[in-house]
Structure formats: structure tokens, C-alpha cells
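The questions below ask how certain descriptive terms come to be applied to a protein model. Each answer sets a value against the cut-off that defines the term.

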Amino acid sequence: MERTAWNQGTLDLIDRRSSTRRFADGVEVTDEQRDAVLRAASRAPTAGAMMMYSIIDIRAQKTLDRLAVLCDDQPMIARAPWALVFVVDYCKWIDLFERVGCFEAAFIERTGIAARRAPGLGEFAIAAQDAVIAAQSAVIAAEAVGLGTCYIGDIVENAEKVRDLLDLPPHTVPLSMLILGEPAKERPATPHPVENLVMPERYRRADAATLDAQVAEMDALFRAHASEPGERVLDIYTRKHTSDFMAEMGRSMERWLANWRGDRL
Ligand SMILES: Cc1cc2nc3c(=O)[nH]c(=O)nc-3n(C[C@H](O)[C@H](O)[C@H](O)COP(=O)(O)O)c2cc1C
């Protein structure tokens with residue numbers, strides 16, 4: 001395709017996007033905006049066209065307030081007018097299998113397929129991609145209709161409480177969450193480091209020179225006044241890698257994976 005025929009507007013939109021953590025006071029999301037975002041999510045690629053996800057559409061202030069606490073105390077969640085939780089969902093297929101008789105003795109005898117099995121990590125691998133791709137389609141559509149978004153990774157924390165809050169059944173995991181609303185201010189694009197990102201043809205583990213280039217790029221982008229090289233990497237190590245929230249995420253994800261298989265959460 002000729003460059004002149006490219007949809008440059010789409011590329012510019014993706015380039016300009018950055019996460020929104022402050023929303024304009026009192027500005028509601030319109031029904032047209034909601035429909036455009038949810039429609040785009042539903043048009044995302046999905047493994048086998050199976051739509052192995054559900055979207056919980058959250059507008060109630062009470063629920064947003066509770067999520068703000070459960071997702072590592074992030075008050076901006078309570079100040080967002082809208083949130084979407086993208087649930088990796090195999091429960092709906094188990095229910096469909098049951099509904100059309102896949103677990104009935106007659107079907108088992110006729111097909112020779114053994115009785116019910118729980119979804120495993122194979123299903124999780126593709127269903128999780130379904131959910132996240134739908135979320136990202138929602139992000140781009142939101143930008144296109146003037147809404148800002150921010151992912152909330154901490155939605156996987158506090159499995160037991162989030163399950164109760166959102167009534168999540170077995171064979172589901174709330175993997176991804178977005179908060180959405182009209183941005184309060186112009187958002188400068190966040191720098192995204194690209195050293196050691198794209199690897200021609202095969203994986204290439206970084207050598208010392210590449211690592212030094214990565215460290216230098218990150219310091220230049222995020223720690224312009226760093227006195228020692230590596231401040232950005234040290235910051236990630238102390239604030240993320242060794243954090244309490246990451247420990248809780250790890251604990252809670254073990255619980256969610258048990259729930260995925262159908263074991264008691
Ligand atoms: C999986 C995921 C989880 C995230 N979780 C949070 C979060 O809990 N809180 C937050 O403020 N930002 C969160 N973010 C936003 C990132 O911090 C943000 O995307 C990153 O800093 C890059 O900035 P940009 O989105 O403006 O380009 C998350 C982003 C992703 C992709």
C-alpha cells in the first residue's frame with residue numbers, strides 16, 4: 001500500500017496516547033462514547049472466535065470506591081467515572097457445554113470423549129490474550145472518542161475480596177482493568193524506551209554493551225538528573241520488583257489460577 005493511502009490518523013492516535021490518571025470533574029461519559037468503546041472491544045481478535053472473556057461495566061460509585069482500596073489503594077479509581085474489568089472467562093463455555101449436553105452420558109457414550117475436564121493453562125494462555133486484546137482495543141477506541149484510560153494491574157490482588165465484590169464464578173480471572181473518562185488536562189506522551197526491544201529473527205540476550213545502552217536510555221528518559229548510572233533500574237527494583245504489592249499479586253494470582261481450574265478460591 002502506498003504511504004499516502006495509510007490511515008495516518010490511527011498511527012498518530014496510537015503515538016499520542018498516554019495513560020490518564022486525572023479525570024475532568026463532573027464530566028460524564030456519554031452513551032455514544034460507551035457504545036463505541038464496547039463495540040471496539042467486542043471486535044478484537046479472539047482465539048477461535050470463542051470470545052473467552054467478559055467485560056464488567058462498572059459505573060456505581062460504591063464499587064469504584066471499593067476497587068480503589070482493593071487495587072493497592074489508588075484513589076484515582078474512585079475519581080474515574082467509568083471502569084471496565086476484562087475477565088478471562090471459561091465459565092461461559094463450561095455453561096454452554098453443559099447446556100447443549102456435552103457432559104451427558106448419552107453424548108459421552110456416542111463420542112467416546114471422556115467426562116468433563118476443567119480448563120487448564122492452555123485455555124488460560126489463549127483466553128488471557130482474548131481479554132487483554134479486547135482491553136487494548138477499548139483503549140484505542142476510547143482515545144478516538146476523546147476519553148483517556150489507565151490500566152490497573154492491581155485488579156489481580158485480593159482475589160477473595162474481588163471475587164465477592166464482582167460475583168466472579170469458577171473458571172474466571174479478572175486479569176485486566178481500565179479506568180476511563182475525560183482527561184482533566186493535556187497529557188504529554190510517556191517515554192517508552194526501545195533499546196533491546198526488537199530482536200531480529202531470534203532471541204538475543206543482551207551483552208554488556210547493550211545493557212549499558214539500555215541503562216543509559218532509561219536514565220536519559222526517566223532520570224534526566226541522575227548522579228549515578230542505573231537510577232531508573234534501581235528504582236524499578238526497589239519500587240516494583242521487591243514491593244509488597246507484587247508479593248500480594250503473586251499470592252493472589254495463585255488463588256486466581258486455582259479458581260480458573262475450578263478449585264476453591
Ligand atoms: C498491565 C498494566 C498495568 C498497569 N497498572 C497500573 C496501575 O495499577 N496504576 C497506574 O497508575 N498505572 C498503571 N499502568 C499504566 C502504566 O504505568 C503506563 O502504561 C506506563 O507508565 C506507560 O505510560 P503510558 O501508558 O502513558 O504510555 C498499567 C499499565 C499496564 C499495561
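**Reasons behind the terms**

Q: What kind of model is this, and what does the secondary structure of the protein chain come to?
A: The model is predicted. The secondary structure of the protein chain comes to eleven helices and four strands. Along its principal axes, the C-alpha trace spans about 70 × 50 × 50 Å. Of the 265 residues in the protein chain, 38% are buried.

Q: Why is W256 called buried?
A: The term buried requires a relative accessible area under 20%. W256 has 0% relative accessibility, and therefore counts as buried. This residue is found in helix 11, which covers residues 244-261. The C-alpha atoms of W256 and E2 are separated by 47 Å, and the two residues lie 254 residues apart along the chain.

Q: Why does H171 count as buried?
A: The relative accessibility of H171 is 12%, and the cut-off for buried is under 20%, so H171 counts as buried. H171 is found in the loop between helix 8 (159-166) and strand 4 (172-181).

Q: What makes the phi of H171 worth noting?
A: The phi of H171 is near 70°, which is a positive value in a residue other than glycine. Most residues other than glycine have a negative phi.

Q: Where is E201 found, and what is its phi near?
A: E201 is found in the loop between strand 4 and helix 9 (208-222). Its phi is near 70°, again a positive value in a residue other than glycine.

Q: Why is E201 called exposed?
A: Exposed means over 50% relative accessible area. E201 stands at 82% relative accessibility, so E201 counts as exposed.

Q: How do you know that I113 counts as exposed?
A: I113 has 52% relative accessibility, and the cut-off for exposed is over 50%, so I113 counts as exposed. I113 lies in the loop between helix 6 (105-111) and helix 7 (121-144). I113 and C102 are eleven residues apart in sequence, and their C-alpha atoms are 9.0 Å apart in space.

Q: Why is A118 called partly exposed?
A: Partly exposed lies between the two cut-offs, under 20% for buried and over 50% for exposed. A118 is at 33% relative accessibility, so A118 counts as partly exposed. The place of A118 is in the loop between helix 6 and helix 7. A118 and P170 are 52 residues apart in sequence and 9.9 Å apart in space, C-alpha to C-alpha.

Q: Which residues around the ligand come nearest, and which classes make up the shell?
A: Of the 13 residues around the ligand, S19, R21, D154, T190 and H192 come nearest. By class, the shell has four nonpolar, six polar and three charged residues.

Q: What makes the pairs that R17, Q74 and G153 form with the ligand polar contacts?
A: A polar contact is a pair of N or O atoms within 3.5 Å. A polar side-chain atom of R17 lies 2.9 Å from an oxygen atom of the ligand. A polar side-chain atom of Q74 lies 2.9 Å from a nitrogen atom of the ligand. A polar backbone atom of G153 is 2.9 Å from a nitrogen atom of the ligand. Taken alone, the ligand exposes 620 Å², and the protein buries 62% of that.

Q: Where does the ligand sit?
A: The ligand sits in the largest pocket. To sit in a pocket, a molecule needs more than half of its atoms within 2 Å of the grid points of that pocket.

Definitions and conventions. Residues are numbered from 1 along each chain as its sequence is written. This is a predicted model: local features need pLDDT of at least 70, side-chain atom pairs count only at pLDDT 80 or more; totals for chains, interfaces and linings use all residues. Side-chain values use heavy atoms; hydrogens and water are left out. Helices (H or I, at least four residues) and strands (E, at least two) are DSSP runs, numbered from the N terminus. Buried means under 20% relative accessible area, exposed over 50%, partly exposed in between (1.4 Å probe, protein chains only). A residue is near a molecule or strand if one of its heavy atoms lies within 4 Å of it. A polar contact is a pair of N or O atoms within 3.5 Å; within protein, one must be able to donate a hydrogen and the other to accept it, and residues adjacent in sequence count only if both atoms are side-chain atoms. Accessible areas come from the Shrake-Rupley method with a 1.4 Å probe; for residues, only the protein chains shown count as cover. On a 1 Å grid over the protein atoms alone, a cavity is a set of points where a 1.4 Å probe fits but cannot get out, and a pocket is an open set with protein on both sides within 12 Å along at least five of seven lines; lining residues have an atom within 4 Å of a point. Ala, Val, Leu, Ile, Met, Phe, Trp, Tyr, Cys and Pro count as nonpolar, Asp, Glu, Lys and Arg as charged, and the others, Gly among them, as polar.
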